[in-house]
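Me: I want to go through the labels on this model one at a time. Please set each against its cut-off.

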Amino acid sequence: MALLPAEFADLEPFSDWVLETERERYAKRLATPMDQMQAFYDAAFPRLAEATSYLEDYPLGRPIPGPQRNLLLLMMSLVLVSFPVEVWQQPCVPDSGATYLDLVVEPAF
Amino acid sequence: MPHFPKPAEGSWTEHWPEISLAPVDYSDSVDPAYYELEREAIFKRTWLMVGRVEQLPRVGSYFTRELHVADTSVILVRGRDKEIRAFYNICRHRGNKLVWSDYPAEEVSGTCRTFTCKYHAWRYELDGRLAFVQQEGEFFGLDKSAYGLRPVCCEVWQGFIFISLDPSPAPLVDYLGEMGKGLEGYPFGEMTEVFTYKAEVGANWKLFIDAFAEFYHAPILHMKQAVKDEADKLAAIGFEGLHYDLKYPHSMVSSWGGMSPPRDLSMVKPIERVLRAGLFGPWQRPDIAGLDPLPAGLNPSRHPKWGVDSFHFFPNFMLLCWAPGWYLTYSYWPTAVDRHIFESSLYFVPARTAAERLQHELAAVTFKEYGLQDANTLEATQRSLKGRVITDFPLCDQELLLRALHQAGRDYVREYTDGTVAG
């Protein structure tokens, strides 16, 4: 079953990045090899601007239909993945060792 | 030649003659005996920021704060009269922790009509009065009015809830002084979309304040987070504050913020170009009142390229107001001489669109990437300070707030030990 709006069907192969919480997204980032993250980035980044304009019809103040909501969650994963891909060339922040910083309160939408 | 003017004395640090130019002794961050003194002299005698009024939206809303530094827990609650009060989280019957669930050491929040002790069902009103004693007749002349919850001094400033474990502190506004006054009127209450991060860090609480109280480290430690050409340029120039101010024991640094928006899109990463946001937040300000003009205490040098002001309210609260119209708080809660719980919250005007939400997401994600670099560096610092091979360290003019913090800490400890000895 499709998780994303039909206009973004090309991103369906990456729908495992549709994750509800930052904690899940961050865990997936740390657990995913760079080539897979690069593939997700290469597919999703060129669609980012289009996705934000498409989602303008779905203001956040009221409930958003599932596929559109999933698209936003997918793009939130893209934001997270941009650091390994654009900056670090590795999944975790260099020299961050066992340090963690847990997001304990996350804005709902 | 400085890029931004310094005071007539030639440096920011020399502008305050009470601040020593000598190397700073960091024994205060590794000495267990000194830490014990800090607990008494500082954390039981100053106003501590514990949360925001938005966390207590309704009558009966409450949250608890664990203050390891004072070996106590405090309940913050909104009463039937809408007032916010603080109480020690201790049942008066036999000392059981009153409000907790599952894990006694963890903080909790919720809404209730009364507080009922899990142990023997003693029940307290939201204003602390003892309302019910199980088998009251079994007690010996128990005067319920004498067994209400023990209050903690609690005051609210600009929506920030402060407590003091000192039973008769100076009023909060006096404590925050001119530095607090200069921020009054900022639309904190409009910025209710919150991201809160938490971590336990293996470093003395002051070392993390040190890290966030200077931006001298930013072009170096965080170099790779900028695009290559920009990183090289920033590292070559270094960091200079636009303005510094000390209102003892509080202090602030005002910083340039040329990247929001950047002069040229090639200066920033691809994701920032598309989302039009970055470390400094969205490139455009939200459309709310109170940001133009800003309260007098913000952007004190009135620089057109102003980016962020970072305030340190002694002892453990930092508040950063960013030019694009959002704010950030840091709290540092000591748990041992070489450990503390770090908490940080980012506050935005609630996003109306996916685009705005993604801008906030990028700011929050970026903050975490920086924070992880900072936090782990501190553990490295703590480890190397511990051996006390070297104890004194030269701080530069851009590290003025660090001198102020360590000096204020020593002053509070000295005043306490002098008083204890004299008394």
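**Labels and their grounds**

Reply: From the N terminus on, the elements of chain A run α-α-α-α-β. That makes 4 helices and 1 strand. Bear in mind that this is a predicted model.

Me: What makes chain A as compact as a globular protein of its length?

Reply: Its radius of gyration is 14 Å, and the globule rule gives 13 Å for 109 residues. The two values are close, so chain A counts as compact as a globular protein of that length. Along the principal axes, its C-alpha atoms fill a box of roughly 40 × 30 × 25 Å. Of the 109 residues, 35% count as buried. Among its contacts between residues at least 6 apart in sequence, 76% join residues at least 24 apart.

Me: Why are strand 1 of chain A and strand 12 of chain B said to pair?

Reply: Pairing needs at least two bridges between the strands. Strand 1 (residues 102-105) of chain A and strand 12 of chain B have 3 bridges, in the antiparallel sense. The cut-off is met, so they pair. One of the partners in strand 12 of chain B is B:Lys198, bridged to A:Asp102.

Me: How do you know which residues of chain B are in contact with chain A?

Reply: The test is C-beta atoms within 7 Å. By that test, 31 residues of chain B are in contact with 33 residues of chain A. On the chain B side, strand 12 (193-201), helix 6 (270-275) and helix 7 (354-386) each give two or more residues. Helix 7 of chain B gives the largest share, 15 residues. By type, this side of chain B divides into 15 nonpolar, 6 polar and 10 charged residues.

Me: What span is expected of helix 1 of chain B, and what does the model give?

Reply: Helix 1 (residues 32-43) of chain B has 12 residues. At 1.5 Å a residue, 16 Å is expected. From first C-alpha to last, helix 1 of chain B reaches 15 Å, which is close.

Me: Why are the buried residues of helix 1 of chain B placed on the same side?

Reply: A residue is buried if 20 or more other C-beta atoms lie within 10 Å of its own. In helix 1 of chain B, B:Glu38, B:Ala41, B:Ile42 and B:Phe43 are buried. They cover an arc of only 145 degrees around the axis, so they sit on the same side of the helix. An α-helix has 3.6 residues a turn, so residues three or four places apart point the same way.

Me: Which residues are exposed on the other side of helix 1 of chain B?

Reply: B:Pro32, B:Ala33 and B:Glu36 are exposed there.

Key:
Residues are numbered from 1 along each chain as its sequence is written. Chains are lettered from A and ligands numbered from 1 in the order in which they are written. This is a predicted model: local features need pLDDT of at least 70, side-chain atom pairs count only at pLDDT 80 or more; totals for chains, interfaces and linings use all residues. Two residues are in contact if their C-beta atoms, placed from the backbone, lie within 7 Å. Ala, Val, Leu, Ile, Met, Phe, Trp, Tyr, Cys and Pro count as nonpolar, Asp, Glu, Lys and Arg as charged, and the others, Gly among them, as polar. The expected span of a helix is 1.5 Å times one less than its number of residues. A residue is buried if 20 or more other C-beta atoms lie within 10 Å of its own, exposed if 12 or fewer, and partly exposed in between; C-beta atoms are placed from the backbone. The arc is that of the directions from the helix axis to the C-beta atoms. The radius of gyration is taken over C-alpha atoms; the globule rule is 2.2 Å times the number of residues to the power 0.38.
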